[in-house]
Amino acid sequence: MSDDIRPQVRAIIAEQAMIDVDQVTQDSTLDALGLDSLGLVEIVFAIEEQFGVTVPYNANDPSSGEFDISSVKAVEDGVIRLVTEEA
Amino acid sequence: MRRVVVTGSGVVSALGVGHAAHIAGLREGRSGIGPIELINTDGLTIPIAAEAKGYDAADHFNRNELTLRDRVTQMALTAAAEAMTGAGLEITDALAGRTATIIGTSMGGQHTQDDNYKLIYREGKQRVHPFTVPKLMSNAPASWISMEHGLKGPAWSVSTACASSNHAIGQAFHLIRSGGADAAVTGGAESGLTFGVLKAWEGLRVMSKDTCRPFSKTRTGMVQGEGAAILVLEEYGHAKARGAHIIGEIIGFGMTADANDIVQPSLDGAARAMKAALADARLDGSEIAYINAHGTATAANDKTECAAIRQVFGAHADSLMVSSTKSMHGHCIGAAGALELVATLMALHDGVVAPTANYEEADPECDLDVVPNTARETAVPYALSNSFAFGGLNAVLVAKRFDA
């Protein structure tokens with residue numbers, strides 16, 4: 001299942017960053033992709049809508065650890081974990 | 001130049017009903033934030049707010065009156081009645097046309113809107129109450145206040161999100177100072193604790209799940225509030241002639257637009273608004289002792305506001321007291337500036353600076369004297385009250401202790 005999720009997450013990130021999905025690598029940071037805190041909020045919303053999960057994300061404290069956004073891979077892992085928990 | 005003084009104040013907030021209850025809560029550093037009881041919170045991620053739990057509209061209005069007045073108007077009318085009684089202002093035929101009504105509200109009658117959307121979209125009703133439009137329109141609070149008190153001068157509502165009531169009060173101040181009115185009933189009201197509004201705020205991901213901790217390193221975002229604060233502003237000579245008690249004086253108003261981002265705050269826009277307010281007051285920044293900050297407790301606002309204060313005040317920033325009373329009455333959006341001007345007037349009139357409640361840990365990016373947790377008794381000759389709205393619309397008031 002996680003094989004499905006990772007490219008979907010990357011596609012969401014790419015759309016929000018307005019770049020080609022090939023440019024979104026697992027070790028990219030969202031910052032390096034040009035995403036600000038509002039871009040992150042929109043990504044979180046898109047993830048919630050697409051996967052039917054609730055992402056514990058607060059724009060005031062994005063590094064609080066509840067949901068790791070330090071890299072693209074961290075976001076993918078976080079979504080997989082949420083989807084697994086939901087299932 | 002004509003001077004403008006405050007001669008009446010009325011409040012409904014999470015700290016209590018009435019001016020005295022509100023400032024007593026501010027003095028105590030008491031937080032009015034807690035679980036929402038006004039509506040069913042099933043399905044809300046963040047079911048806390050600074051709700052005006054002590055306010056029961058049935059204490060103030062009969063059933064017919066309630067039918068025509070959304071909660072936002074009820075609170076505005078209750079606060080206005082207190083302000084007018086306190087001011088002791090008799091609205092003669094001559095004064096009626098010279099008295100303005102300028103009321104800020106960001107969202108107007110949200111309970112009416114929410115309730116009626118539920119009726120037509122969820123319950124499939126074919127019709128809504130005939131007075132839905134006059135209940136939900138944003139000018140309803142201003143209109144009802146003018147009707148209730150027979151105020152026939154210039155009247156309008158102001159909607160600039162979180163700066164609505166600072167813009168309203170500032171316009172009332174300028175109107176009286178310039179001779180366009182001799183008195184004004186002004187301030188703001190907001191009652192947006194509805195399922196729809198709270199869902200919208202949740203979406204922004206800037207809301208705290210626990211409480212509002214402005215300037216604290218541990219801050220986790222803003223907390224919604226509701227309430228109203230209405231003030232009577234009066235030309236000084238008019239107030240003096242009738243022997244009115246003067247709570248404080250408004251001496252400056254500055255407003256700017258960031259012209260930058262729809263939600264991110266701007267250091268430049270905030271700093272320019274403070275400078276414009278000081279220039280309007282013809283006052284040097286070194287005279288200011290206290291700033292009632294916008295202080296929403298979002299990561300972005302608080303550090304930006306502190307940096308803006310440093311830019312405007314330079315070395316004097318280290319001598320300033322800067323507190324955010326949103327920590328106690330929540331972020332009342334369109335009523336915020338008015339509730340905070342009441343706190344500012346308390347500092348000037350009573351020599352008590354309201355604290356920043358819920359404060360835990362110093363943040364190097366907010367390294368000002370934020371008056372943590374405990375009110376401070378000290379003489380305040382001049383003070384600033386900041387409001388910086390979403391959309392980058394900034395409004396800053398300068399107030400002075402009244403010393404005759």
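In this predicted model, domain 1 of chain B meets domain 2 of chain B through 63 residues on its own side and 55 on the other. Where do the two domains run? The domain assignment puts domain 1 of chain B at 4–241 and domain 2 at 252–400. Their C-alpha centres sit 21 Å apart.

Let's look at the domain 1 side of that contact. Five elements of chain B give two or more residues each to it: β1 (4–13), α1 (19–28), α8 (164–177), β7 (183–190) and β8 (227–235). Which of them gives the most to this side? That's α8(B), with eight residues. Sort the residues on this side by class, and you get 26 nonpolar, 30 polar and seven charged.

**The core between the domains**

The largest nonpolar core has 147 residues, and B:Ala76, B:Leu233 and B:Ala383 touch the most other members. Helix α14 of chain B, residues 336–350, gives the most to this core, with ten residues. Where does the core lie relative to the two domains? Both domain 1 (4–241) and domain 2 (252–400) of chain B give residues to the core, so it lies between them. As a bit of background, nonpolar side chains tend to be buried together in soluble globular proteins.

B:Ala383 is a nice one to click on. Skip its neighbours within four places in sequence, and B:Ala383 is still in contact with B:Ile288, B:Ala289, B:Tyr290, B:Ile291, B:Asn292, B:Thr344, B:Ala347, B:Leu348 and B:Ala399.

**A helix with a buried face**

Now find α1(B), one of the elements on the domain 1 side of the domain contact. Its buried residues are B:His19, B:His22, B:Ile23, B:Gly25 and B:Leu26. Why do they line one face of the helix? Looking down the axis of α1(B), you'd see these buried residues fall within an arc of 150°, so they line one face. The cover over them includes β1, β2 (16–17), α3 (71–87), α13 (326–329) and α14 of chain B. Just after α1(B) comes B:Gly29, which takes a positive phi of about 70°.

**Two loop residues with positive phi**

B:Gly29 is a glycine with a positive phi, but chain B also has positive phi values in residues that aren't glycine. B:Val371 is one of these, with a phi of about 50°, and B:Asn373 is another, with a phi near 65°. B:Val371 lies in the loop between β12 (352–353) and β13 (376–377) of chain B, and B:Asn373 lies in the loop between β12 and β13 too.

Is each of them buried or partly exposed? Residues count as buried when 20 or more other C-beta atoms lie within 10 Å. B:Val371 has 24 such neighbours, so it counts as buried. B:Asn373 has 15 and therefore counts as partly exposed.

**A few more residues to find**

Here are some helix residues, with how crowded their surroundings are.

| Residue | Other C-beta atoms within 10 Å | Status |
|---|---|---|
| B:Ala140 | 26 | buried |
| A:Asp77 | 17 | partly exposed |
| B:Gly196 | 13 | partly exposed |

B:Ala140 is in helix α7 (residues 140–149) of chain B. Leaving out neighbours within four places in sequence, B:Ala140 is in contact with B:Asp70, B:Thr73, B:Gly108, B:Gly109, B:Pro134 and B:Lys135. B:Ala140 and B:Asn373 are 233 residues apart in sequence and 37 Å apart in space, going C-alpha to C-alpha.

B:Gly196 is in helix α9 (residues 195–204) of chain B. Beyond its neighbours within four places in sequence, B:Gly196 is in contact with B:Asp114 and B:Tyr117. B:Gly196 and B:Gln113 are 83 residues apart in sequence, but their C-alpha atoms are 9.2 Å apart in space.

Over in chain A, A:Asp77 lies in helix α3 (residues 72–86). A:Asp77 and A:Gly34 are 43 residues apart in sequence and 21 Å apart in space, C-alpha to C-alpha.

**Where the chains meet, and the scores**

How many residues does each chain give to the contact between chain A and chain B? Ten come from chain B and nine from chain A. On the chain B side, four are nonpolar, four polar and two charged.

Finally, the scores. Chain B averages a pLDDT of 97, with 100% of its residues at 70 or above. The model as a whole scores ipTM 0.76 and pTM 0.94.

Terms used:
Residues numbered from 1 in each chain as written. Chains lettered and ligands numbered in written order. Predicted model: local features only at pLDDT ≥ 70, side-chain atom pairs only at ≥ 80, totals over all residues. Domains from an automatic or database assignment. Contact = placed C-beta atoms within 7 Å. Helix = DSSP H or I, 4+ residues; strand = E, 2+ residues; numbered from the N terminus. Nonpolar A, V, L, I, M, F, W, Y, C, P; charged D, E, K, R; others polar. Core = buried A, V, L, I, M, F, W, Y, C linked by C-beta atoms within 7 Å. Buried ≥ 20, exposed ≤ 12 C-beta atoms within 10 Å, placed from the backbone. pLDDT = per-residue confidence, 0-100. Arc of directions from axis to C-beta.
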